[in-house]
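Reader: I'm new to this structure and would love a close look at one part of it. Could you walk me through the empty space enclosed inside the protein?

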Amino acid sequence: MTGVRVELAGVTKLYGTGVDAIVAANDVTVNIEPSSITAITGASGSGKSTLLHLIGAIEAPDKGRIRVGKKEITSVGTRGLVKYRRTLGFVFQRYHLLPTLSALDNVIAPVLPFRTTFDKAARGREMLDLVGLGGRENALPGQLSGGQQQRVAIARALVGQPTLLLADEPTGSLDSVTCAATLDLLIRIRAEFGMTMLIATHEQDVAALADRRLHVRDGRIVQDIVADDSHEGKASVEAVAAD
Ligand code: ADP
Ligand code: MG
């Protein structure tokens, strides 16, 4: 499995109309390398989730183009979008597990409606093993700690073999120790599977582990910092927009 390139060109998203309109994404142009980990940082309300929703085709932009791998998702039809979303993994701050389903059933829920080339339950167990929850297949979310629930959610995000993982404040509900463990897990997953990862966060430790950090303010990328030791080996500061 490998990662996809993500390219945004002049992407703008408005909420509301007229003088009350909020520009949640403001002419965003960025090119994200395949198999990289990018942290999207910024204050609450700066537009982090909006960017993930646009890239995940949960929302459509008002202007601009988004290309993910070979697919221009802003010009494919509904069928194309359904197919596209199956190549994604989503992780949310509040886990979004179904409380009446076991850990295993939560993990395989995204692939249940589809015919797959793999055995769903076997893959689900494998993913739970991978996140350190082997043996907890039958536990209900309510019987698991926050960190464990987030690991179930990560296993669920992986079950469809995504080439792009979108995580929206994945450690935002966790204490610092669990947060660090969850980040280690994400880094290990990227090393093993090579998918591209985009992680929205306002936590510094997440940003520090990423290959690149995009800082967002009022819907714009105002700072773009590539880590020195990233696999791309690029120079540190790529561009710093005036703001
Ligand atoms: P962040 O994730 O950085 O906290 P968001 O992307 O959620 O920021 O929000 C960016 C801006 O867009 C905020 O001003 C927010 O209130 C607004 N916004 C986000 N989603 C909606 C929506 N569904 N309807 C109206 N306004 C929204
Ligand atoms: Mg958000």
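**The enclosed cavities**

Author: The second largest cavity is a good place to start, with a volume of about 40 Å³. Please keep in mind as we go that this is a predicted model. Around this second largest cavity you will find Leu8, Val30, Ile32, Ile40, Leu51, Ile55, Leu198, Leu214 and Ile221. Two elements, β2 (22–32) and α1 (48–55), each supply at least two residues of that lining. Sorted by class, the lining of the second largest cavity comes to 9 nonpolar residues, with no polar and no charged ones.

Now let's turn to the largest cavity, which holds about 50 Å³ of space. Its lining is made up of Ile37, Leu183, Leu186, Ile187, Ile199, Val206, Leu209 and Ala210. Here the elements that give two or more residues are α6 (176–193) and α7 (204–209). Of these, α6 gives the most to the lining of the largest cavity, with 3 residues. By class, the lining of the largest cavity has 8 nonpolar residues, and again no polar and no charged ones.

How many cavities of 30 Å³ or more are there in total? The count comes to 3. As you turn the model on your screen, you could look for Val30 and Ile32 at the second largest cavity, and then for Leu183, Leu186 and Ile187 at the largest cavity.

Key
Residues numbered from 1 in each chain as written. Chains lettered and ligands numbered in written order. Predicted model: local features only at pLDDT ≥ 70, side-chain atom pairs only at ≥ 80, totals over all residues. Heavy atoms only, no water. 1 Å grid on protein atoms, 1.4 Å probe; cavity = no way out; pocket = protein on both sides within 12 Å on 5 of 7 lines; lining within 4 Å. Points joined across faces, edges and corners; volume = space filled by probe spheres on them. Helix = DSSP H or I, 4+ residues; strand = E, 2+ residues; numbered from the N terminus. Nonpolar A, V, L, I, M, F, W, Y, C, P; charged D, E, K, R; others polar.
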